[in-house]
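Reader: I would like a close look at a single part of this model, taken together with its surroundings. Please go through the sheet, what packs on it and the nonpolar residues around it, in one connected account.

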Amino acid sequence: MTKIITIAREYGSGGRLIAQKTAELLDLVYYDNQIIDLAAQELGFDIRTIRKAAEEKSSGFLYTMSGGSFQMPLNDQVFATQSKIIRHLASCDSCIIVNGCADYILEDFDQVLKVFIHAPIQSRARRVKEDYKEPQAGNNVLKYVKSRDKKRENYYNYYTTNKWGNLKNFDLTINSDLGIDECAHIIAELYKKL
């Protein structure tokens, strides 16, 4: 039976780094942007187009006619395809999946450790500016970090019946200010107890 860790995170919290370190500690396969790339392949679209669609909720009224039948908006197609890919990966091999909705997508799977990584806004802004060197952040890094979180919240709340960042959705919420390595060790130890 597979054992899965899902990682959701606030923007700039270092969640991706923590997931990578945890994967190394546990010798697990790590999936992040590969899920979007696989969705792009399956849908036959450019990766940049799919990555943009994977961050935004559907407008709900962009259904189109294609070959005499209705076709879902691209955002909805991307979510459905990512969900299918995540469920397939989780059923095939123990792994870590970094995806904001993976906790919801795998809610009917046994042996899933659902983790939410957070940190104070000042810490996240510092990480975005100094570590990520995010050029899109511009001069107002705090505003940029908040806007990225808002996008994640809107997307999650649109595609799931849960509320983004609600602690009850997760087995573990952890403040990355404890340290990237420390967080990875805590998650790894909990995983071993599944």
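Author: The model is a predicted one. Helix H1, made of residues 15-26, lies across strands S1, S2, S5 and S6, the last of these being residues 112-118. The direction of H1 makes about 165° with that of S1. Helix H8, residues 180-192, also packs on the sheet, where H8 touches S1, S6 and S7. Between H8 and S7 the angle is about 165°.

The sheet itself is open and has 5 strands, in the order S2-S5-S1-S6-S7, with parallel pairing. Strand S2 (29-31) and strand S7 (172-175) each have a single partner strand, so these two form the edges, and one side of each is left without a neighbour in the sheet. On average, neighbouring strands of the sheet are turned by 20° against each other, direction ignored. In general, the strands of a sheet pair through backbone hydrogen bonds, either parallel or antiparallel. Here S1 (residues 4-9) and S5 (residues 95-98) run parallel and are joined by 4 bridges. Within that pair, Ile4 stands opposite Cys95 of S5.

Ile4 also leads to the nonpolar packing. The largest nonpolar core has 30 residues, and Ile4, Ile35, Ile86, Ile97 and Leu106 are the members that touch the most others in it. Two or more residues of this core come from each of S1, S5 and S6, and from each of the helices H2 (33-43), H3 (47-53), H4 (74-92), H5 (102-105) and H7 (141-159). The most is given by H4, with 6 residues. Another core, of 20 residues, lies apart from this one; among its members are Ile5, Ala23, Leu28 and Cys183.

Ile86 links this account to a polar residue. With residues up to four places away in sequence not counted, Ile86 touches Ile35, Ile97, Asn99, Ala102, Ile105 and Leu106. Asn99 sits in the loop between S5 and H5. Its relative accessible area is 12%, under the 20% limit, so Asn99 counts as buried. The side chain of Asn99 reaches the backbone nitrogen of Cys101 at 2.8 Å. Leaving aside neighbours within four places in sequence, Asn99 is in contact with Ile7, Gln82, Ile86 and Ile105.

Methods:
Residues numbered from 1 in each chain as written. Predicted model: local features only at pLDDT ≥ 70, side-chain atom pairs only at ≥ 80, totals over all residues. Heavy atoms only, no water. Pairing = 2+ DSSP bridges. Axes fitted to C-alpha atoms, helices over the stretch in contact; angles between N-to-C directions. Contact = heavy atoms within 4.5 Å. Core = buried A, V, L, I, M, F, W, Y, C linked by side-chain atoms within 4.5 Å. Buried < 20%, exposed > 50% of the residue type's maximum accessible area, 1.4 Å probe, protein only. Polar contact = N/O pair within 3.5 Å; in protein donor to acceptor, adjacent residues only side chain to side chain.
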